[in-house]
Amino acid sequence: MGKAKSPRRVADNEALAVGTTIRGSAQKLNLVAELIRGKKAEEALNILAFSKRAMAKDASKVLASAIANAENNHNLDVDALVVAEASVGKSITMKRFHTRGRGKSTRILKPFSKLRIVVREEEEA
């Protein structure tokens, strides 16, 4: 008897990868995610590789993971993959203190973000 298999969270022609703790604000990560939404997977990797934004490196890792999941776990054709979804959300926030003059201190917030990328296999028309 083993553990009951949970249903897939995405369709049969899709694969998913999630980056849970990407250092930086969700707003900045969303600017990077906008660059790749709806693009072909290979083109999206190239866009991220040449982007100036620092978070593009982390987004590229998540996209590469989604492509690898599609190929190895779901037997999808890598050349027909399209970025169907690239959603961004808040994760944890580290709180730090910075000492200031006159015996005071201020709070420093160091946010983390989540990135969820879904790639879909589409038949080329």
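**View 1. R116 and E85 pair between strands β3 and β2.** In this predicted model, R116 is partly exposed, with a relative accessible area of 25%. R116 forms a salt bridge with E85. The closest N and O atoms are 2.6 Å apart. E85 also counts as partly exposed, at 30% relative accessibility. R116 belongs to strand β3 and E85 to strand β2, so the salt bridge ties together parts 31 residues apart in sequence.

**View 2. R120 of β3 meets E14 of β1.** The two side chains form a salt bridge, with 2.8 Å between the closest N and O atoms. This pair links distant parts of the chain: R120 and E14 are 106 residues apart. R120 counts as partly exposed at 30% relative accessibility. E14 is buried, with a relative accessible area of 9%. That value falls under the 20% cut-off, so E14 counts as buried.

**View 3. E122 joins R120 in a salt bridge.** The N to O distance is 4.0 Å. E122 is partly exposed, at 37% relative accessibility. Salt bridges with shared partners join E14, R120 and E122 into one network. The structure holds three salt bridges. Side chains of opposite charge can pair when their charged atoms come close.

**View 4. R23 sits over the ring of F112.** The charged end of R23 lies 5.6 Å from the centre of the F112 ring. As for ring-to-ring contacts, the structure holds zero aromatic pairs.

**View 5. Helix α3 spans residues 55-72.** At 1.5 Å a residue, its 18 residues should span 26 Å. The end C-alpha atoms are 26 Å apart, which agrees.

**View 6. The buried residues of α3 lie on the same side of the helix.** M55, A56, A59, S60, V62, L63, A66, I67 and A70 are buried. They cover an arc of only 165 degrees around the axis, which puts them on the same side of α3. An α-helix has 3.6 residues a turn, so residues three or four places apart point the same way. On the other side of α3, K57, K61 and N72 are exposed.

**View 7. The buried residues of α3 pack against helices and strands.** The helices in contact are α1 (26-36) and α2 (41-49). The strands are β1 (14-23), β2 (81-99) and β3 (105-121). Strand β1 also holds E14, and strand β3 holds R120, the salt-bridge partners of View 2.

How values were computed: Residues are numbered from 1 along each chain as its sequence is written. This is a predicted model: local features need pLDDT of at least 70, side-chain atom pairs count only at pLDDT 80 or more; totals for chains, interfaces and linings use all residues. Side-chain values use heavy atoms; hydrogens and water are left out. Helices (H or I, at least four residues) and strands (E, at least two) are DSSP runs, numbered from the N terminus. The expected span of a helix is 1.5 Å times one less than its number of residues. Buried means under 20% relative accessible area, exposed over 50%, partly exposed in between (1.4 Å probe, protein chains only). The arc is that of the directions from the helix axis to the C-beta atoms. Contact means heavy atoms within 4.5 Å. Rings of Phe, Tyr and Trp (its six-membered ring) pair if their centres lie within 6.5 Å; planes under 30 degrees apart count as stacked, over 60 as edge-to-face and the rest as tilted. A charge sits over a ring if NZ of Lys or CZ of Arg is within 6 Å of the ring centre and within 35 degrees of the ring normal.
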